[in-house]
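Dear colleague,

Here is the structure I said I would pass on, with its sequence. Please have it open while you read the notes underneath.

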Amino acid sequence: MNKKINEILTTIRKEHKLTRPDIERIAGFKVSTIESYERGSRKPSIEYIEFISLYFGYKKEYIEGKSEDKFLDYVIRVLLMYQKIFNYDDKKMSEKLRMKE
């Protein structure tokens with residue numbers, strides 16, 4: 001992949017017609033932090049990459065410039081968001097997903 005992570009983050013935000021202040025309002029990351037990630041002067045935090053991944057439905061590997069495969073499957077996206085919101089580890093998540101008879 002030719003794009004750098006800062007270019008990918010900028011492209012994703014702009015494709016969704018959001019400004020840096022919009023992202024700040026939605027996710028709580030400061031505009032100055034977002035700007036430093038997008039300029040490439042600072043490496044994005046794992047939390048920021050996870051937010052972009054889950055909010056917009058992109059694979060983390062795509063955002064990091066490691067894969068051409070962009071999008072998360074919708075069901076996977078929903079499950080990952082649920083797991084993140086409730087802070088479940090993989091074991092707890094699998095218990096929650098077990099079907100009751």
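Helix α4, which spans residues 46-56, is mostly covered in this predicted model, since eight of its 11 residues are buried. If you would like to find them in the viewer, the buried residues of α4 are Y48, I49, E50, F51, I52, S53, L54 and F56. The cover over these buried residues includes α1, α2 (20-27), α3, α5 (60-63) and α6 (74-86). Just after α4 comes G57, whose phi is positive, at about 85°.

Two of the helices that take part in covering α4, namely α1 and α3, also meet one another, and I looked at that pair in some detail. In general, two packed helices are described by the angle between their axes and the distance between the axes. For α1 (residues 5-15) and α3, the axes come within 6 Å and cross at roughly 125°. An angle of this kind is neither in the range of 65 to 115 degrees that counts as roughly perpendicular nor over 145, and therefore α1 is oblique to α3. On the α1 side the residues that meet α3 are N6, L9, T10 and R13, while α3 brings Y37, E38 and R39 to the meeting. Sorted by class, this contact has two nonpolar, two polar and three charged residues.

One of the residues in that contact, R39, deserves a separate look. R39 belongs to helix α3, which covers residues 31-39, and R39 counts as exposed because its relative accessibility is 52%, where exposed means over 50%. The side chain of R39 makes a polar contact of 2.7 Å with the side chain of E35, and a polar contact of 3.2 Å links the side chain of R39 to that of S41. Along the chain, R39 and L9 are 30 residues apart, and in the model their C-alpha atoms are separated by 9.7 Å.

What about S36: is this residue of α3 buried or exposed? S36 is buried, because its relative accessible area is 7% and the cut-off for buried is under 20%. The side chain of S36 reaches the backbone oxygen of T33 at 2.7 Å. When neighbours within four places in sequence are left aside, S36 is in contact with S41 and R42. S41 thus appears twice in these notes, in contact with S36 and joined through its side chain to the side chain of R39.

With best wishes

How values were computed
Residues numbered from 1 in each chain as written. Predicted model: local features only at pLDDT ≥ 70, side-chain atom pairs only at ≥ 80, totals over all residues. Heavy atoms only, no water. Helix = DSSP H or I, 4+ residues; strand = E, 2+ residues; numbered from the N terminus. Buried < 20%, exposed > 50% of the residue type's maximum accessible area, 1.4 Å probe, protein only. Polar contact = N/O pair within 3.5 Å; in protein donor to acceptor, adjacent residues only side chain to side chain. Axes fitted to C-alpha atoms, helices over the stretch in contact; angles between N-to-C directions. Parallel < 35°, antiparallel > 145°, perpendicular 65-115°, else oblique. Contact = heavy atoms within 4.5 Å. Nonpolar A, V, L, I, M, F, W, Y, C, P; charged D, E, K, R; others polar.
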